[in-house]
Amino acid sequence: MIRTVLFLLYDDRPAHDADRQQVFGRQVVPAILDLDPWRFWATLGDPESNVKSPAPYKRGERQLAGTCNVWLYADQDHRNFGAILTEAGFDWHAYRVDESVYTDYGDSLWAKPRDWPDGQRSPGVVAVTVLNRPDHIGPDEWFRRWQGRQSPVSEALQPRQKYVRNRVLEPLGHAPALAGVVQEVWPDRSHVSSLFKFFRARTPWTLAINIARMLASVTSFLELRQIRTAMAGEYLLKTGVQRLGTRT
């Protein structure tokens with residue numbers, strides 16, 4: 001049996017500090033690979049992803065530094081992986097999630113099929129957004145609005161290379177309650193900094209229409225004041241095709 005654990009990473013270094021990237025690559029990655037998870041990929045704030053977030057954190061809030069998606073075998077304890085992150089200076093919250101890839105590389109006009117190896121930084125920048133379910137919407141209806149409405153609307157309006165949805169099944173340990181986490185890969189920083197590129201608009205009129213359509217969809221399942229997005233780079237670290245449930 002395979003289960004997916006998503007780690008939200010925090011530390012006190014600046015949002016896109018190169019030192020964090022070096023610590024992660026030299027210390028965290030080899031140690032986690034030594035534990036032999038089934039799959040492992042991560043997002044991490046790095047110099048190449050230094051662009052203003054479309055939904056920035058507020059002054060005084062602790063910003064997300066990155067994420068780790070680790071697919072574990074039944075006999076593996078997520079706390080052993082968390083200990084590696086702690087030793088490297090990261091604080092973390094862990095969640096068991098249902099990870100689903102809505103759009104992968106090569107599925108849209110905005111990205112060719114993946115042709116780079118595990119361990120090499122992916123092209124583009126990632127927007128990592130933590131989702132909280134408003135109290136007035138039940139879990140099933142909230143999930144329907146997110147994955148049944150928002151996903152196709154955003155796919156139609158935005159030029160993403162990849163879109164990963166993580167539905168939280170349960171928090172692990174003392175992690176606070178959370179509904180989901182999305183990881184959206186954009187072709188480059190200009191697609192985040194330019195509203196016209198962000199919403200696939202060529203004229204102010206089209207931009208206004210697309211923004212209105214997006215706001216109607218987003219506010220049907222989220223509270224705008226609670227949305228926070230961190231910008232990062234994507235690192236695919238162990239993705240080779242393997243037979244489910246077996247170790248290589």
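How far apart should the ends of helix 1 be, given its 17 residues at 1.5 Å a residue? Good morning, colleagues. Before I reply, please note that the structure above is a predicted model. Helix 1 covers residues 18–34 and should span 24 Å; its end C-alpha atoms are 24 Å apart, which agrees.

Let us stay with this helix for a moment. At phenylalanine 24, helix 1 bends by about 35°. Phe24 also belongs to the buried residues of the helix, together with Arg20, Val28, Val29 and Ile32. What do these buried residues pack against? Their partners are four strands and one helix, namely strand 1 (2–10), strand 2, strand 3 (66–73), strand 8 and helix 2 (78–87).

Following the chain onward, we reach the loop between helix 1 and strand 2, where aspartate 36 is found. Its phi is near 60°, a positive value in a residue other than glycine. For context, most residues other than glycine have a negative phi. Arginine 200 likewise is not a glycine and has a positive phi, of about 55°. This arginine sits in the loop between helix 5 and helix 6. Is arginine 200 best described as buried, partly exposed or exposed? Its relative accessibility is 40%, and because buried means under 20% and exposed over 50%, arginine 200 counts as partly exposed.

I turn now to the pockets. The largest pocket holds about 760 Å³ of space. It is lined by 35 residues, and those closest to its centre are Pro54, Ala55, Phe198, Ile227 and Thr229. Several elements give two or more residues to this lining, among them strand 5 (125–131), helix 3 (139–157), strand 7 (180–186) and strand 8 (228–238). Which element gives the most? That is helix 6, with four residues. By residue type, the lining comprises 21 nonpolar, eight polar and six charged residues.

The second largest pocket contains about 310 Å³ of space. Of its 15 lining residues, Arg39, Val101, Asp104, Lys162 and Thr239 are the closest to the centre. At least two residues of this lining come from each of strand 2 (39–44), strand 4 (91–103) and strand 8. Here the division is seven nonpolar, two polar and six charged.

Allow me to close with strand 8. The buried residues of helix 1 pack against this strand, and strand 8 also contributes to the lining of the largest pocket and to that of the second largest. Thank you for your attention.

Note on methods. Residues numbered from 1 in each chain as written. Predicted model: local features only at pLDDT ≥ 70, side-chain atom pairs only at ≥ 80, totals over all residues. Heavy atoms only, no water. 1 Å grid on protein atoms, 1.4 Å probe; cavity = no way out; pocket = protein on both sides within 12 Å on 5 of 7 lines; lining within 4 Å. Points joined across faces, edges and corners; volume = space filled by probe spheres on them. Nonpolar A, V, L, I, M, F, W, Y, C, P; charged D, E, K, R; others polar. Expected span 1.5 Å × (residues − 1). Bend = angle between axes of the 7 residues up to and from the residue. Buried < 20%, exposed > 50% of the residue type's maximum accessible area, 1.4 Å probe, protein only. Contact = heavy atoms within 4.5 Å.
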